[in-house]
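Dear colleague,

Please find below the sequence and structure that I am handing over to you. The findings follow directly after it.

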Amino acid sequence: MPNYISRALNHFQHTQPTRRQDSPHQHDIPKYGAKVQYAKQPDNTAALNAKGKKKVHEVLRTLLYYARAIDSTMLPTIG
């Protein structure tokens with residue numbers, strides 16, 4: 001299944017980021033010496049609508065198929 005991921009990215013119209021991304025979110029730098037390390041505020045973003053949920057399911061279905069068939073190292077990230 002050569003080029004499966006690149007075809008999937010093209011199918012879902014995913015644009016290549018301008019900078020390299022090794023993490024899906026920003027890293028919180030620990031404050032050494034602090035007595036308490038406070039967590040960030042809770043996420044207040046709105047829930048996905050039906051169209052957004054369908055899009056997430058389509059992407060996960062595509063990647064899960066690839067992870068089960070070819071590259072099982074993706075399974076912890078997806079699951």
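**Findings around helix α2**

T62 is buried, because its relative accessible area is 17% and the cut-off for a buried residue is under 20%. Please note that this is a predicted model. T62 is part of helix α2, which covers residues 50-69. Leaving aside residues up to four places away in sequence, the contacts of T62 are Y4, A8 and F12.

One of these contacts, Y4, also takes part in the aromatic pairs, and I therefore turn to those next. The structure holds 2 aromatic pairs. In general, a pair of aromatic rings is described by the distance of the centres and the angle of the planes.

The pair of Y4 and Y65 is tilted, with 6.1 Å centre to centre and 50° between the planes. This pair links distant parts of the chain: Y4 belongs to helix α1 (residues 4-11) and Y65 to helix α2, and the two are 61 residues apart. Y4 is buried, as its relative accessible area is 17%. Y65 has a relative accessibility of 48% and so counts as partly exposed, a class that lies between the cut-offs of 20% and 50%.

The pair of Y4 and Y66 is stacked, with 5.2 Å centre to centre and 5° between the planes. Because Y4 lies in helix α1 and Y66 in helix α2, this pair ties together parts that are 62 residues apart in sequence. Y66 is buried, with a relative accessible area of 13%. Y4, Y65 and Y66 together form one aromatic cluster.

Y65 also has a place in a surface feature. Along with M1 and I70, Y65 makes a nonpolar surface patch of about 310 Å². A residue needs over 30% relative accessible area to belong to such a patch, and Y65, in helix α2, has 48%.

To bring the points together: Y4 is in contact with T62, forms a tilted pair with Y65 and forms a stacked pair with Y66. In both aromatic pairs, Y4 is the partner from helix α1, while Y65 and Y66 are the partners from helix α2. When you open the model, I would suggest viewing Y4, Y65 and Y66 together, as one aromatic cluster.

With kind regards

Terms used
Residues numbered from 1 in each chain as written. Predicted model: local features only at pLDDT ≥ 70, side-chain atom pairs only at ≥ 80, totals over all residues. Heavy atoms only, no water. Helix = DSSP H or I, 4+ residues; strand = E, 2+ residues; numbered from the N terminus. Buried < 20%, exposed > 50% of the residue type's maximum accessible area, 1.4 Å probe, protein only. Contact = heavy atoms within 4.5 Å. Patch = residues over 30% accessible without salt bridge, like charges linked within 9 Å, V, L, I, M, F, W, Y side chains within 5 Å. Areas by Shrake-Rupley, 256 points an atom, 1.4 Å probe, with all protein chains shown as cover. Salt bridge = Lys/Arg side-chain N within 4 Å of Asp/Glu carboxyl O. Phe/Tyr/Trp six-rings, centres within 6.5 Å; stacked < 30°, edge-to-face > 60°.
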